[in-house]
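Work through the following exercises with the structure in view, and try each task before reading its solution.

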Amino acid sequence: MLQLKNWVEREAGGCLPGLKSVYLERTASTNDEALEYCRSGGKGPFLVVAGEQSAGRGRLERKWESPPGKGLYFSLLLHPKLPSAQAPLIPLAVGLALKQGLAGWALPDLVLKWPNDLWAGKRKMAGILCELVGPGPRINAVVVGIGLNLTQRPEDFSSELRLMATSLWQVLNIDVSASALLHKIVSAIFAELAKLEELGPVVLARSWEQRSGMLGLQVKVREGNHETSGTTLGLTDGGQLRVRGADEKIIDVLSGDVFLI
Ligand code: BTN
């Protein structure tokens, strides 16, 4: 991935003035790198990109498969000017940016599956892991990590993932420039978060409803041991997913797992 390394080291600053960036051939997790950088006094915006991760992490302690050169694995350390109560909106804004970054390629059936996945044709293509640094009434710093499957063939995924995961190559059948894609996604993340800061959560929630592709879908929601099936109605202004259950009861999902059915 020489081209990606070159872009990170020489051109990433073009996404936002003042953006610092580093490319690591191999690391445990780019989120851990960015968190460590922040905890040792480093300030964002800071971009960490890896060619490979040995311990890539997802939401709910899941593993993110990160084989060398097959995906985009990166994290951004940012300091959005937002109250902590708006933290659940960050992965939603980042999801919109991810979808926007892919807009130049004719990808059918792209859905932002609440709260942090990008699905293509009912399979997961990318995931977002946002981690806040430190408590407080306002967000001090957040690490936004994204894993995007680029060139995996089905046999490149573990047997647990093979039927659930996909890659850009599997959907498009062409090789896409990783650096061009990263440039678009990172620039779009800055733009979406600036919009959230400026226009607030209500505008973000309505924009997500319009652009996510997730409205009116049949879903199963699992919160702890409890499961409900229903239809997605939209987002609350706090970023919860609103679902109408089969019994017509409306539920707002705060932290469960949502499955497309
Ligand atoms: C999820 O699907 O639950 C989120 C997956 C996020 C994976 C990315 S890969 C880059 C960054 N580093 C990590 O360890 N995780 C994120």
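**Exercise 1.** Find which residues of helix α3 meet which residues of helix α5, and then describe how the two helices cross.

*Solution.* In this predicted model, the α3 side of the contact includes L89, I90, A93, V94 and A97, while the α5 side includes L181, I185, A188, I189 and L196. An α-helix has 3.6 residues a turn, so residues three or four places apart point the same way. As a next step, take the geometry: α3 (residues 89–101) and α5 pack with their axes 8 Å apart and at an angle of about 140 degrees. Because angles over 145 degrees would count as roughly antiparallel, α3 is classed as oblique to α5. The crossing of α3 and α5 is right-handed.

**Exercise 2.** Check whether the length of α5 agrees with its number of residues, and say what follows the helix.

*Solution.* Helix α5 covers residues 178–199, which is 22 residues, and at 1.5 Å a residue the expected span is 32 Å. The C-alpha atoms at its ends lie 31 Å apart, which agrees with that expectation. Among the buried residues of α5 are A178, L182, V186 and F190. Just after the helix, G200 adopts a positive phi of about 90 degrees.

**Exercise 3.** Trace the order of the strands in the open sheet of 5 strands, and locate the helix that packs on the sheet.

*Solution.* The order is β11-β10-β9-β8-β12, and the pairing is antiparallel. Strands β11 (250–253) and β12 (257–260) are the edge strands, each pairing on one side only. Inside the sheet, β8 (residues 218–223) and β9 (residues 226–235) pair over 6 bridges, and E223 stands opposite H226 in β9. Finally, helix α6 (residues 201–211) packs on the sheet, where α6 touches β9 and β10.

Technical notes
Residues are numbered from 1 along each chain as its sequence is written. This is a predicted model: local features need pLDDT of at least 70, side-chain atom pairs count only at pLDDT 80 or more; totals for chains, interfaces and linings use all residues. Side-chain values use heavy atoms; hydrogens and water are left out. Helices (H or I, at least four residues) and strands (E, at least two) are DSSP runs, numbered from the N terminus. The expected span of a helix is 1.5 Å times one less than its number of residues. Buried means under 20% relative accessible area, exposed over 50%, partly exposed in between (1.4 Å probe, protein chains only). Two strands pair if DSSP finds at least two bridges between them. Contact means heavy atoms within 4.5 Å. Axes are lines fitted to C-alpha atoms, for helices over the stretch in contact, and angles run from 0 to 180 degrees between N-to-C directions. Angles under 35 degrees count as roughly parallel, over 145 as roughly antiparallel, 65 to 115 as roughly perpendicular and the rest as oblique. A crossing is left-handed if the near helix is turned anticlockwise from the far one by less than a right angle, and right-handed if clockwise.
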